[in-house]
Amino acid sequence: MNAQINENCIGCGMCTAICPEVFSMSDDNVAVIDDEKIPGNEESVQEAAESCPVGAIEV
């Protein structure tokens, strides 16, 4: 599975609440993904993508 954050991110933190193993917030208050931690967390990554209010997570 590949995932990325697009320019729509508003830094709401929904993804970090759902899947803190993969998502974190940068110093600029936008989400970042740790690609190395996606394996084993695919279901949570998909849930985070579906829950993002602005569709910023592309899976």
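**Exercise 1. In this predicted model, find which side chains meet in a salt bridge, and say how exposed each partner is.**

Solution.
- Start with the whole structure: a search of it finds 1 salt bridge.
- Next, name the partners. The side chains of Asp34 and Lys37 form this contact, at 3.8 Å from N to O.
- Check the distance: a salt bridge needs the nitrogen within 4 Å of the carboxyl oxygen, so the pair at 3.8 Å qualifies.
- Now look at accessibility. Asp34 has a relative accessibility of 27%, so Asp34 counts as partly exposed.
- Lys37, at 43% relative accessibility, is partly exposed as well.

**Exercise 2. Work out which residues Val22 touches, leaving out those up to four places away in sequence.**

Solution.
- Begin with the partners from Exercise 1: Val22 touches both Asp34 and Lys37.
- Add the others: Val22 also touches Val32, Ile33, Ile38, Asn41 and Val45.
- Then place Val22 in the largest nonpolar core, which has 15 residues. Val22 is among the members that touch the most other members, along with Cys15, Phe23, Ile33, Ile38, Val45 and Ile57.
- Ask where core residues come from: β3 (31-33) and α2 (42-51) each supply at least two. The largest share, 3 residues, comes from α2.

**Exercise 3. Decide whether Asn41 is buried or exposed, and find its contacts.**

Solution.
- Locate the residue: Asn41 sits in the loop between β3 and α2.
- Compare its accessibility with the cut-off. Buried means under 20% relative accessible area, so Asn41, at 19%, is buried.
- List its contacts, again leaving out residues up to four places away in sequence: Asn41 touches Cys19, Glu21 and Val22.

**Exercise 4. Describe the largest cavity and its lining.**

Solution.
- Think about the method: rolling a probe the size of a water molecule over the atoms shows where empty space is left.
- Count: the structure holds 1 cavity of 30 Å³ or more.
- Give the volume: the largest cavity has about 90 Å³.
- Find the residues around it. Of the 14 that line this cavity, Cys9, Cys12, Cys15, Ala31 and Cys52 are the closest to its centre.
- Sort the lining by class: 12 residues are nonpolar, 2 are polar and none is charged.

**Exercise 5. Find what is notable about the phi of Asn29, and where Asn29 lies.**

Solution.
- Read the angle: phi of Asn29 is near 60°, a positive value in a residue other than glycine.
- Locate the residue: Asn29 belongs to the loop between β2 (23-25) and β3.
- Finish with accessibility: Asn29 is partly exposed, at 44%.

Technical notes. Residues numbered from 1 in each chain as written. Predicted model: local features only at pLDDT ≥ 70, side-chain atom pairs only at ≥ 80, totals over all residues. Heavy atoms only, no water. Core = buried A, V, L, I, M, F, W, Y, C linked by side-chain atoms within 4.5 Å. Buried < 20%, exposed > 50% of the residue type's maximum accessible area, 1.4 Å probe, protein only. Helix = DSSP H or I, 4+ residues; strand = E, 2+ residues; numbered from the N terminus. Contact = heavy atoms within 4.5 Å. 1 Å grid on protein atoms, 1.4 Å probe; cavity = no way out; pocket = protein on both sides within 12 Å on 5 of 7 lines; lining within 4 Å. Points joined across faces, edges and corners; volume = space filled by probe spheres on them. Nonpolar A, V, L, I, M, F, W, Y, C, P; charged D, E, K, R; others polar.
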